[in-house]
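Visitor: Please pick out one part of this model, the interface between the chains, and walk me through it closely.

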Amino acid sequence: MSDEWFHVLNLIGVAFFSVSGTLMAFEKDVDGFGVVVLASITAVGGGTLRDVLLDQPVFWIAQADYLYITYAASIVTIILQRTSWEFPSYTLNVVDAFGLGLFNIIGIEKSLINETGMVIAITLGTTTGIFGGLIRDVICREIPMVMRGDLYATACLSGGLMYAGLFYLSVPYIFCILGSLATTIFLRMGALHWNWEVPIFKRPGG
Amino acid sequence: MSDEWFHVLNLIGVAFFSVSGTLMAFEKDVDGFGVVVLASITAVGGGTLRDVLLDQPVFWIAQADYLYITYAASIVTIILQRTSWEFPSYTLNVVDAFGLGLFNIIGIEKSLINETGMVIAITLGTTTGIFGGLIRDVICREIPMVMRGDLYATACLSGGLMYAGLFYLSVPYIFCILGSLATTIFLRMGALHWNWEVPIFKRPGG
Amino acid sequence: MSDEWFHVLNLIGVAFFSVSGTLMAFEKDVDGFGVVVLASITAVGGGTLRDVLLDQPVFWIAQADYLYITYAASIVTIILQRTSWEFPSYTLNVVDAFGLGLFNIIGIEKSLINETGMVIAITLGTTTGIFGGLIRDVICREIPMVMRGDLYATACLSGGLMYAGLFYLSVPYIFCILGSLATTIFLRMGALHWNWEVPIFKRPGG
């Protein structure tokens, strides 16, 4: 992936998760600048962990625009909430799914650039995707999305496998990205809409 | 800030948060050495995250005295609790507010030394201030202070802006520190005492 | 400790904690690949934090076999759960105690190799031992084991002191390891079986 693609996709992913953190803060009646704190942790949490694990400079400290977009996305969402704008109830899940798909791709790519193998790359893609939202849910004392039975980690992993597959077939980047994004978002949205499940444990009578 | 100032203020901040972690452990009936674990996480959590984000050596591993002061402050608090000493109920909030103010200053300063811009420095000041207490609250399954509506993040941010302002005006360090500390502690204590609020979201009929 | 010992013990510790994470996921009805995510966080969480604190390459990114063993241990546990195999109810605690003892030793050793003093080494041993399980419990919204009154941190610390003592007496490695492991596991299991306690705070009438 060219540096520019990487940068733009990362900015979009950060913005999506910042909106998702702000919406969660609204649901939880967080007040004052706690809203912006929660939005920021959600937006940069996953990527921060990835960079620390890879021993790379943390992306939002190396380049200040990530922080600006995080704050801007959160403030715009707050303003929309304060005006008459009504966010439909599924907004949080949709925004979260797009962020998940984008961060997954970015994590895999950054991992491969740092010469990890593909298993570690897919692991770090999932890490980048899920950790911001995981920390958001833990702070808000929600059951973390990744622990619920609706294909959260599974959608992320499948998107990672799709990206890896298309990448090995030397498909142009734009299609790797679109294919992986489509896979993650389709599985995640489908699971929420049609209650798809991957039952891992067999419960007696379950 | 001279290295010595930095060191002394950091030791004081670590001691304050260690006391705050121990008091929370008392409230939560934590037993055995779990008390010391909780005190330590509270005391060094925020600064550890800051150092990892800046890719600097973690302060309490580079210099062992931070760990000694953490353990000492926790043990002294435990001994006082075991004797007839009664801590007033607001002790935790007061100690936490002082730690918040001190760590905020230290985070900003360490950030600027590492040549980040002022926006990132203020972000890292707030990070240093709030994260130890945030992890403490998450582990104890309390609603994190930063998520409640009493100017926690706001006081931290305001203290940061005050410090930055005085710093730019080339005011002597001692007044930068006192001004920022006074701002953070005054706002935080005032919010707890007079129920000041910064309503971010507008609720219908709220 | 020779590198090979280190590697083998670390693989065993990772496997134990991966099993413990999977068993917790079963108790909590986690579904889909969330199980594997929880198992992985439990298995590599403590060691990851240790390596980041020491500014060393994260062990499971430097060597991919740690990740393979994590996934394998989780999948084998899932398969056993799905077949008629019934895990006794104390399995989680036993597996967790062994992992705790092993990671404690590994953390101390890796710390000493990086030339920290003994106080920091014992602190990092405890960190390595308890953090994977702590994150697992926080994500699952359980009261963290380390906060409960049954010698969790105390057993870890005692095992660390035993290791340090034997190490200073120049006892052969295998006995350092066995002595430390025996101390941690005996104290932890004893506390669970006979309700041993270390009352830190004195409660009126308590």
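**How the chains meet**

Guide: Happily! Between chain A and chain B about 2,700 Å² is buried, with carbon and sulfur atoms giving 70% of that area (buried area is the accessible area, taken with a 1.4 Å probe, that two parts lose on being put together, summed over both). Please keep in mind that this is a predicted model, in which local features need pLDDT of at least 70 and side-chain atom pairs count only at pLDDT 80 or more, while totals for chains, interfaces and linings use all residues. Residues are numbered from 1 along each chain as its sequence is written, chains are lettered from A and ligands numbered from 1 in the order in which they are written, and side-chain values use heavy atoms, leaving out hydrogens and water.

Chain A and chain B each bring 30 residues to their contact (heavy atoms within 4.5 Å). Zero salt bridges are counted between these two chains (a side-chain nitrogen of Lys or Arg within 4 Å of a carboxyl oxygen of Asp or Glu). The count of residue pairs in polar contact between chain A and chain B is three, both residues at pLDDT 80 or more (N or O atoms within 3.5 Å; within protein one must be able to donate a hydrogen and the other to accept it, and residues adjacent in sequence count only if both atoms are side-chain atoms).

On the side of chain A that touches chain B, two or more residues come from each of α1 (3-27), α2, α3 (59-62), α4 (65-82) and α6 of chain A (helices are DSSP runs of H or I, at least four residues, numbered from the N terminus). Here α2(A) gives the largest share, seven residues. By class, this side holds 19 nonpolar, five polar and six charged residues (Ala, Val, Leu, Ile, Met, Phe, Trp, Tyr, Cys and Pro are nonpolar, Asp, Glu, Lys and Arg charged, and the others, Gly among them, polar).

Now turn to chain C. Chain A and chain C bury about 2,700 Å² between them, 70% of it on carbon and sulfur atoms. Across this interface, too, the rule finds zero salt bridges and three residue pairs in polar contact. α2 (34-53), α6 (118-139) and α7 (152-168) of chain A each supply at least two residues of the side facing chain C, with α6(A) giving the largest share, eight residues. That side divides into 20 nonpolar, four polar and six charged residues.

Finally, the symmetry: chain A superposes on chain B with a rotation of 120°, 0.0 Å of shift along the axis and an RMSD of 0.0 Å (least squares on C-alpha atoms of residues with pLDDT of at least 70 in both copies). That is the relation of a three-fold axis. Only 13% of the interface residues of chain A are also interface residues in chain B, so the copies meet through different surfaces.
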